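Here's a quick walk through one chain, written for someone who likes to click along in the viewer. Have the structure open as you read.

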Amino acid sequence: MSVDINNLEQIASQVRRDIVRMVHACQSGHPGGSLGCADYFVALYFHAMKHDTSFQMDGKNEDLFFLSNGHISPVFYSTLARVGYFPVSELATFRKLNTRLQGHPTTHEHLPGIRVASGSLGQGLSVAIGAAQAKKLNNDNSLVYVLMGDGELQEGQVWEAAMYAPHNKVDNIIATVDYNGAQIDGPTNQVLSLGNLRAKWEAFGWDVLEVTKGNDMTAVIAGLDEAKSRTGKGRPVVILLHTEMGFGVDYMMGTHKWHGAAPNDDQLESALNQIPRTLGDY
């Protein structure tokens with residue numbers, strides 16, 4: 001399958017603009033991790049996944065995605081809107097009362113594309129494994145994707161799920177760890193070291209692949225394609241995706257400060273001057 005990398009990069013650029021504008025408008029949210037994961041989300045929804053924007057909650061015969069680290073909702077919402085799940089103009093309602101785009105994704109607003117509430121960290125892998133097993137029971141050959149933060153791996157339930165999936169040969173799941181080395185309190189390895197993360201997942205029985213350039217669209221596409229080729233072989237697959245928190249905005253990179261902080265007017269202008277407008281702002 002030929003891939004138009006330039007087109008995907010253009011979409012990712014617009015998603016990044018959406019992110020900083022959304023967080024600025026309500027002066028609340030998590031821009032750092034959202035910016036870092038823009039390439040992954042665009043590669044996933046515009047290339048790797050088989051999905052239907054008309055959206056049926058059961059997701060039969062289509063690939064499913066679960067966001068475990070729900071605080072990076074800006075990148076999730078922007079991607080869903082840009083790919084066609086709901087109007088792009090609705091991004092202007094982010095984090096406002098009584099709207100569908102809450103700070104952490106929820107299901108009771110019935111926002112298309114959202115199948116599980118997330119924000120309580122450490123639960124998404126369990127949910128995704130359950131969905132993957134349901135697909136097997138239903139003879140549905142589609143895949144299940146889940147994204148977790150590296151700081152989230154400090155939560156105990158993740159490792160219960162990590163032990164469960166290989167034991168039960170859940171080989172239709174592709175988990176991804178946003179391996180940016182930062183969390184809200186500082187560098188992940190200073191807060192609570194994860195040690196040799198690759199060795200840990202391998203010890204639990206997962207098929208591990210590492211994408212060292214998680215903000216390079218070509219590398220992300222190649223990683224997702226490789227991960228898909230490893231499914232159905234008796235082991236779950238996990239991608240360690242090395243990203244840069246705040247990628248695309250110079251003053252947000254190299255620091256954990258922007259994990260959960262909103263830019264002021266001048267900072268927004270600086271950010272937008274660095275991120276090309278490609279599809280048109282909402």
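In which sense do β6 and β7 pair, and over how many bridges? These two strands run parallel, with five bridges between them. One thing to keep in mind throughout: this is a predicted model.

**The strand in the middle of things**

Within the β6 pairing, Glu210 has Leu240 of β7 as its bridge partner. β7 also pairs with β3, again in the parallel sense and over five bridges. There, Asp178 is the bridge partner of Leu241 in β7.

How enclosed is β7? Five of its five residues are buried, so the strand is largely enclosed by the rest of the structure. Look at the two faces in turn: Val237, Ile239 and Leu241 sit on one side, Val238 and Leu240 on the other, and all of them are buried.

**A helix with one buried side**

Next, α9, which covers residues 217–229. With 13 residues at 1.5 Å a residue, the helix should span 18 Å, and its end C-alpha atoms are indeed 18 Å apart, so the two values agree. At the N-terminal end, Asp216 acts as the cap: one of its side-chain oxygens lies 3.2 Å from the backbone nitrogen of Thr218.

Which residues of α9 are buried? They are Met217, Val220, Ile221, Gly223, Leu224 and Ala227. These residues cover an arc of only 160° around the axis, which means they lie on the same side of α9. The spacing fits the usual helix rule: with 3.6 residues a turn, residues three or four places apart point the same way. As for what they pack against, the partners are the helices α1 and α3 (38–48) together with the strands β2 (144–149), β3 (173–178), β6 (207–211) and β7 (237–241). So the strand trio described above turns up again here, as β3, β6 and β7 are among the elements that the buried residues of α9 pack against.

**Around the end of α1**

His30 sits in the loop between α1 (5–26) and α2 (31–36). Is His30 buried or exposed? With a relative accessible area of 13%, His30 falls under the 20% cut-off, so it counts as buried. Leaving aside neighbours within four places in sequence, His30 is in contact with Val23, His71, Pro74, Arg95, His259 and Gly260. With His71 there is a polar pairing too: a polar atom of the His30 side chain lies 3.5 Å from the backbone oxygen of His71.

Gln27 is found in that loop between α1 and α2 as well. Ala25, by contrast, is in helix α1 itself. The C-alpha atoms of Ala25 and Ala92 are separated by 7.9 Å, although the two are 67 residues apart along the chain.

Two residues deserve a look for their backbone angles. Most residues other than glycine have a negative phi. Gln27 has a positive phi near 50°, and Asn98, in the loop between α4 (73–83) and α5 (124–137), has a positive phi near 60°.

Here is how accessible some of these residues are:

| Residue | Relative accessibility | Class |
|---|---|---|
| Gln27 | 46% | partly exposed |
| Ala25 | 61% | exposed |
| Asn98 | 81% | exposed |

**What the record says**

UniProt, in an unreviewed entry, lists residues 10–270 as "domain: Transketolase N-terminal". In the model, that span is 39% helix and 11% strand, and its end C-alpha atoms lie 19 Å apart.

Key:
Residues numbered from 1 in each chain as written. Predicted model: local features only at pLDDT ≥ 70, side-chain atom pairs only at ≥ 80, totals over all residues. Heavy atoms only, no water. Helix = DSSP H or I, 4+ residues; strand = E, 2+ residues; numbered from the N terminus. Buried < 20%, exposed > 50% of the residue type's maximum accessible area, 1.4 Å probe, protein only. Polar contact = N/O pair within 3.5 Å; in protein donor to acceptor, adjacent residues only side chain to side chain. Contact = heavy atoms within 4.5 Å. Expected span 1.5 Å × (residues − 1). Arc of directions from axis to C-beta. UniProt positions renumbered as here; feature names shortened; annotations may be inferred. Pairing = 2+ DSSP bridges.
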